[in-house]
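Biologist: Could we go through this model together? I should like to begin with the charged side chains and then turn to other topics.

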Amino acid sequence: IADGCTIGPYCVIGPQITLGPENVLKSHVVLSGPLTIGSHNTFFPFCIIGEIPQDRKFAEELSQTIIGDHNTFRECVTVNRGTEKGGGVTRIGSDNLLMACSHVAHDCQLGDGIVIANGVLLAGHVHVDSHVHLMGLAAIHQFCTVGRHAFVAGYTPVSQDVPPFMIVQGIPPRVRGVNEIGLGRHGFAPE
């Protein structure tokens with residue numbers, strides 16, 4: 001546990017954990033290793049990070065979770081560590097916001113600057129590129145990729161890859177157009 005960390009009441013930090021500087025665990029946070037956490041992350045109550053996968057094929061093989069810097073994990077977020085078949089690592093980049101009750105399953109790979117709204121579910125082996133927005137109660141099927149700067153609307157069940165820069169919405173999901181607002185916010189010129 002590095003200098004400057006704040007660990008609130010009823011938190012559980014298991015073995016094989018590296019907790020970088022200036023992290024904040026509000027209360028009732030469970031960290032399960034092997035787990036490496038960078039700096040300046042905030043974990044709200046009842047987060048469970050790095051626990052074993054919810055995968056029947058998991059046989060207690062060595063796997064881990066790696067988290068970058070400046071992420072926010074709101075209440076009741078769960079992140080499972082990797083599996084041998086998936087490369088052994090669940091990875092979350094930096095500057096991400098995971099809102100309440102969202103789930104990141106085993107072997108997911110998340111980039112930077114992502115917003116995952118309340119109740120979003122990522123199945124195993126999902127790749128989410130940088131600057132993606134996943135809105136409330138969206139669900140991403142296993143082995144799907146969500147391309148950079150994409151926007152997935154609330155309640156959308158994604159079962160195929162989402163192209164970069166697009167808005168995907170509906171049941172069944174459809175590409176509805178270019179994510180012009182998101183691209184503009186990140187400095188893309190209109191053309």
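Modeller: Certainly. Please keep in mind that this is a predicted model. We can begin with Arg74, which counts as partly exposed at 29% relative accessibility.

Biologist: With which residue does Arg74 form a salt bridge?

Modeller: The partner is Glu75, and the closest N and O atoms of the pair are 2.9 Å apart. Glu75 is likewise partly exposed, with a relative accessible area of 25%.

Biologist: How many salt bridges does the count come to?

Modeller: The count comes to 2 salt bridges. Besides the one between Arg74 and Glu75, there is a salt bridge between the side chains of Lys57 and Asp55, at 3.2 Å from N to O.

Biologist: And Lys57, is it buried or exposed?

Modeller: Lys57 is exposed, with a relative accessible area of 56%. Its partner Asp55 is buried, at 15%.

Biologist: Let us change topic. How much space lies in the largest pocket?

Modeller: About 210 Å³.

Biologist: Which residues lie nearest the centre of that pocket?

Modeller: They are Asp55, Lys57, Thr83, His106 and His125, out of 14 lining residues. Asp55 and Lys57 are thus the residues of the salt bridge we discussed.

Biologist: How do the residues of the lining divide into nonpolar, polar and charged?

Modeller: There are 2 nonpolar, 6 polar and 6 charged residues in the lining.

Biologist: Now Arg81, please. Where is it found?

Modeller: Arg81 is found in the loop that runs between β11 (78-80) and β12 (89-92). The residue is buried, yet has no salt bridge.

Biologist: Which side chain of opposite charge is nearest to Arg81?

Modeller: That is Glu60, which is 4.5 Å away. A salt bridge requires the nitrogen and the carboxyl oxygen to be within 4 Å, so Arg81 and Glu60, at 4.5 Å, do not form one.

Biologist: What lies 2.9 Å from a polar atom of the Arg81 side chain?

Modeller: The backbone oxygen of Gly33 lies at that distance.

Biologist: One last residue: where is the place of Ser27?

Modeller: Ser27 sits in the loop between β4 (24-25) and β5 (30-31). Its relative accessibility is 13%. The limit for buried is under 20%, and Ser27 therefore counts as buried.

Biologist: How far apart are Ser27 and Thr6 in sequence and in space?

Modeller: They are 21 residues apart in sequence, and their C-alpha atoms are 9.8 Å apart in space.

How values were computed. Residues are numbered from 1 along each chain as its sequence is written. This is a predicted model: local features need pLDDT of at least 70, side-chain atom pairs count only at pLDDT 80 or more; totals for chains, interfaces and linings use all residues. Side-chain values use heavy atoms; hydrogens and water are left out. Helices (H or I, at least four residues) and strands (E, at least two) are DSSP runs, numbered from the N terminus. Buried means under 20% relative accessible area, exposed over 50%, partly exposed in between (1.4 Å probe, protein chains only). Lys and Arg count as positive and Asp and Glu as negative; His and the chain ends are not counted. A polar contact is a pair of N or O atoms within 3.5 Å; within protein, one must be able to donate a hydrogen and the other to accept it, and residues adjacent in sequence count only if both atoms are side-chain atoms. On a 1 Å grid over the protein atoms alone, a cavity is a set of points where a 1.4 Å probe fits but cannot get out, and a pocket is an open set with protein on both sides within 12 Å along at least five of seven lines; lining residues have an atom within 4 Å of a point. Grid points are joined across faces, edges and corners, and a volume is the space filled by probe spheres set on the points. Ala, Val, Leu, Ile, Met, Phe, Trp, Tyr, Cys and Pro count as nonpolar, Asp, Glu, Lys and Arg as charged, and the others, Gly among them, as polar.
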